[in-house]
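Work through the exercises below with the model open. Each task is followed by a stepwise solution.

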Amino acid sequence: MEESRKSMLKVQAIANEALVKECDGKGDAESLRAKSVFATSCASLMMSLYMQLSSCGNPDTSDNEADEDDEEDVTEAVHEFIADLADAVASFCELMDGNANAGDGDEDENPLAAAAGLLVNILSSPVGGEDADNNVVQASASKLTRETVKLAWSGIIAAMNALHEKQECMKILLNEDVMTILIESVCGEDTNGADQKDDESIDESDDASSDDEEVGSSVFADANNMEMDLDQVENTSSKDSDDEEASSKETDDDSVELDPSQLENMLLEDSDAEMSDSGPHGVLEHHAGADKALAQLIKLKQEARKASQTERERVELCNQLRCATLLESLFSASVLKNSWMPIEAVLGSIAPILRYRKVLAKNIQSSTSSGQSKKALDEKNAILDKLSMLLKDRVSKYRCRSEDSDVSEVAMKASSEICEEMKRSVNSADCSCCSIALIT
């Protein structure tokens, strides 16, 4: 706790020092202003993280050891975020002062890549995400953290805009590592740099969602071979009940319960009773009530498993949507106007975005809007719209600089990849995005 506080105060001191020097005229005003804006925005993020350590107003109602372990993990993650952010600010400030080089070697870490990775990790963690227990206080703290993440990223971009002409090392910060971090945070690791893998992985989520149906069909097929009445399992109040009423009179005490734990207890009690009736060496006999309970238990567990998979998918989509704001800010009008983005970073990001957009479009077409999958479907549509806007309104505005080297080679490679994606377009909207990207 004390170390995190010292790190936060250290960054605040950097911002204050830059402001004082600017007011006193003891340096380049533009550079000092950029430095103070950058340090202040990062300090605000550190403050929002530090607030989560105190858990102010957070009700202490957790008696579960697992919940306490989760809280300890979150606290440890917050301390690491604050320490890493302080290191990134210090590295950036050294570059602004001209005291270090933005080396691509093994010893010197790119501060922009470190900052981008850190912000992505914050947005993808419970610290900047959602609270599973629907705690209002924690939800508000996470929202504040997300807003300050945007502020910190804006401060970094503002510093790059202001200093790219005065500090040559600032121009090479936006390299392949940075773009890989940002692209993969939105489009996933498999999409970036993949050529043919997307067609194989497009229906991955559909296959995962259909696993339960296949397992369920095989289970109930086996149940049918055991001469179980499936209509009786799924609907115990069916009106085709001549045989059912006769059997229910004999098994009134064996009614099917909906609680999985009670179903398991029922199976164990039935087996214990039959074993005891048959003696120590008795043989477990078939029990119709146990069959119904087992089928219902399997069905409930399949539904719970499917709901869990859907929720995990929704959380991952929410994280991708949050990280998309970082990529969107990078392609803002101010950045494109200052022309410090290398052509490799811009053209190299088009193909992965097109691939993932096509994956989303196919998944949306094959998805159903019923039940819990409706939430995941909404997130997919939101990401699809954001990627379309990014290509049409942001990336398409990029123009190559006259001093860019190997422009033709990079452009030809990007054009070839875009043409391949256009050939595999799934609809007119996808083809339109490819066409706009092709003429960029």
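**Exercise 1: a pair within one helix**

At 65% relative accessibility, Lys423 counts as exposed. The cut-offs are under 20% relative accessible area for buried, over 50% for exposed, and partly exposed in between (1.4 Å probe, protein chains only). This is a predicted model: local features need pLDDT of at least 70, side-chain atom pairs count only at pLDDT 80 or more, and totals for chains, interfaces and linings use all residues. Residues are numbered from 1 along each chain as its sequence is written, and side-chain values use heavy atoms, with hydrogens and water left out.

Task: find which residue forms a salt bridge with Lys423.

Solution.
- Step 1. Apply the criterion: a side-chain nitrogen of Lys or Arg within 4 Å of a carboxyl oxygen of Asp or Glu.
- Step 2. The partner is Glu420, with the closest N and O atoms 3.6 Å apart.
- Step 3. Locate the pair. Both residues lie in helix H16, three residues apart, about one turn of the helix. Helices are DSSP runs (H or I, at least four residues), numbered from the N terminus.
- Step 4. Check the cover. Glu420 is partly exposed, because its relative accessibility is 34%.

**Exercise 2: pairs between helices**

Task: state which helices are linked by the Arg394 and Glu328 pair, then treat Lys358 and Glu421 likewise.

Solution.
- Step 1. Arg394 and Glu328 form a salt bridge, with 3.6 Å between the closest N and O atoms.
- Step 2. This pair links helix H15 (residues 373-394), home of Arg394, to helix H12 (residues 288-330), home of Glu328; the two residues are 66 residues apart.
- Step 3. Arg394 is partly exposed at 22%. Glu328 is buried at 17%.
- Step 4. Lys358 and Glu421 meet in a salt bridge at 3.5 Å, N to O. Lys358 sits in helix H14 (residues 343-366) and Glu421 in helix H16 (residues 407-423), 63 residues apart.
- Step 5. Both Lys358 and Glu421 are buried.
- Step 6. For the whole structure, the search finds 14 salt bridges.

**Exercise 3: a residue in helix H3**

Task: decide whether Phe92 is buried or exposed, and list what Phe92 is in contact with.

Solution.
- Step 1. Phe92 lies in helix H3 (residues 65-96).
- Step 2. Phe92 counts as buried because its relative accessibility is 1%.
- Step 3. Contact means heavy atoms within 4.5 Å. Leaving aside neighbours within four places in sequence, Phe92 contacts Phe38, Pro111, Leu112, Ala115, Ile156, Met160, Met170 and Leu173.
- Step 4. Take Ala115. Its C-alpha atom is 9.5 Å from that of Phe92, and the two are 23 residues apart along the chain.
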